[in-house]
Amino acid sequence: MPGIDFRSDTVAMPSPEMRQAMVTAPLGDDVFGDDPTTNRLMEVAAGRMGKEAATFVPSGTMGNLIGIAVSTQSGQELIADADSHAFYYETAGAAAVCGVQIRPVATEAGVMSPEQVVGAVRPRDDPHQPITAAITFENTHNRHGGIVWPLDALRAASDAAHEQGLRVHLDGARIFNAAVALGVDASDIADCADTVTFCLSKGLACPVGSIFCGSAEDVEEARRWRKRLGGGMRQVGVLAAAGLIALEKMVDRLADDHANARTLAEGLAELPGVRCDLNRVQTNLVYFDLEKMPAGAFVDECTKRGLLSDSTGLRSIRFVTHYGIDAEDVQSALKICEEVLNA
Ligand code: TLP
């Protein structure tokens, strides 16, 4: 059994260096602000995002929820892409916890135009309608294939939102994938948003954790929300230690994941009955559709042969490359797919 796991980049295991750093990290209680390793990571992370401050959160989901919470009030509205993680996969947290309604906007490929932004803002003078307080953008965009927003498109959408008086949150769970694909600093992307969440636990291979960044004032409020949500973690320096290695050593190698995803997509596109839009394969996610076989059956057959993945619809599947997957795994995976499709 080859044991190739394409279900998500969240399955990536920490590197030996991370494990070592976790064992020896100096620790304190982060709820008191006393954990030296976490404090160091927050400084480095805020710097990488070009923001004033940062706070460690247990997950991207909590980071996004806090991003919504600090920029809205109960009874207000948040604009989000109809396929965004915030709308699709966060168990209606904005509604359940913040009392905020999400206004979903369908986009062509995950990129919202300035016209779409402006069109989704409610008129302020109509007492029937909620106040639009904020907007969230997702980059890279998961359900749109891991596509990267062109920087000028993100800037234009963000400027349009700011001109409407909205606050901008960026779901940058995979912001470093976007930065590597564009050849820019992550701070150039984060500069388009007031607050940003990014994940350490995906392509950067940390065991747990995400980081919320923003102004000092936003982060102070974020820490209060984190406590309210039960996300205050004590000696979280054991995780932050891995995060520091991630930011130092794991960012540039994301280019390998992108190259592996590309090879995978090109190989899949040549298989009978597979449709894969290669233009959408810009980072480490590969979405493809099957013409002749239900996705569930394909996933089951691949799993029996040691290739793990997830269906994302009746006919569609997502493969994710990450730390721990190499070029040889990609070739083995393609052989398994071919065998399953020809069986
Ligand atoms: N995405 C997971 C699943 O929840 C779908 C994955 O395997 O891709 N924003 C984006 C864009 C994400 O893709 C994810 C996780 C999150 C936020 C949430 O992060 P976590 O899992 O740390 O809560």
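## A bridge between β9 and the loop after β10

Let's start with arginine 275 and glutamate 291, whose side chains meet in a salt bridge with N and O 2.9 Å apart. The pair ties together distant parts of the chain: arginine 275 belongs to strand β9 (residues 274-275), while glutamate 291 is in the loop between β10 (285-290) and α13 (295-304), 16 residues apart. Keep in mind that everything here comes from a predicted model.

How open are these two residues to the outside? Arginine 275 has a relative accessibility of 46%, so it counts as partly exposed. Glutamate 291, at 43%, counts as partly exposed as well.

## More salt bridges

The count for the structure comes to 19 salt bridges. One of them joins arginine 143 to aspartate 83, and here the closest N and O atoms are 3.0 Å apart. This pair also links distant parts of the chain, with the two positions 60 residues apart: arginine 143 is in the loop between β5 (132-138) and α7 (151-163), and aspartate 83 is in the loop between β3 (77-81) and α4. Aspartate 83 is partly exposed, because its relative accessibility is 23% and buried would mean under 20%.

Now for a pair within a helix. Lysine 304 and glutamate 301 form a salt bridge at 2.7 Å, N to O. Why are they separated by about one helical turn? Because they are three residues apart in helix α13. Lysine 304 counts as exposed, since its relative accessibility is 57% and the cut-off for exposed is over 50%. Glutamate 301, with a relative accessible area of 25%, is partly exposed. Salt bridges with shared partners also join Glu301, Lys304, Arg305 and Glu339 into one network.

## A nonpolar patch on the surface

Next, have a look at Phe87, Tyr88 and Tyr89. Together they make a nonpolar surface patch of about 300 Å². Tyrosine 88 sits in helix α4, which covers residues 85-88. With a relative accessible area of 43%, tyrosine 88 is partly exposed.

## The largest pocket

Which residues lie nearest the centre of the largest pocket? They are His85, Asn142, Arg174, Lys202 and Arg318, out of 22 residues that line the pocket. Two elements give two or more residues to this lining, namely α3 (60-69) and β12 (310-311). Of these, α3 gives the most, with three residues.

The volume of this pocket is about 320 Å³. What is its lining made of, by class? There are 10 polar residues, eight charged ones and four nonpolar ones.

## One cavity inside

How many cavities of 30 Å³ or more does the structure hold? Just one. The volume of the largest cavity is about 50 Å³. Its lining is made up of Ala173, Arg174, Ile175, Phe176, Asn177, Cys199, Lys202, Gly203, Leu204 and Leu254. Sorted by class, that lining has six nonpolar, two polar and two charged residues.

Helix α8 (residues 175-182) supplies the largest share of the cavity lining, three residues. If Arg174 and Lys202 sound familiar, that's fair: they line the cavity, and they are also among the residues nearest the centre of the largest pocket.

Definitions and conventions. Residues numbered from 1 in each chain as written. Predicted model: local features only at pLDDT ≥ 70, side-chain atom pairs only at ≥ 80, totals over all residues. Heavy atoms only, no water. Patch = residues over 30% accessible without salt bridge, like charges linked within 9 Å, V, L, I, M, F, W, Y side chains within 5 Å. Areas by Shrake-Rupley, 256 points an atom, 1.4 Å probe, with all protein chains shown as cover. Salt bridge = Lys/Arg side-chain N within 4 Å of Asp/Glu carboxyl O. Helix = DSSP H or I, 4+ residues; strand = E, 2+ residues; numbered from the N terminus. Buried < 20%, exposed > 50% of the residue type's maximum accessible area, 1.4 Å probe, protein only. 1 Å grid on protein atoms, 1.4 Å probe; cavity = no way out; pocket = protein on both sides within 12 Å on 5 of 7 lines; lining within 4 Å. Points joined across faces, edges and corners; volume = space filled by probe spheres on them. Nonpolar A, V, L, I, M, F, W, Y, C, P; charged D, E, K, R; others polar.
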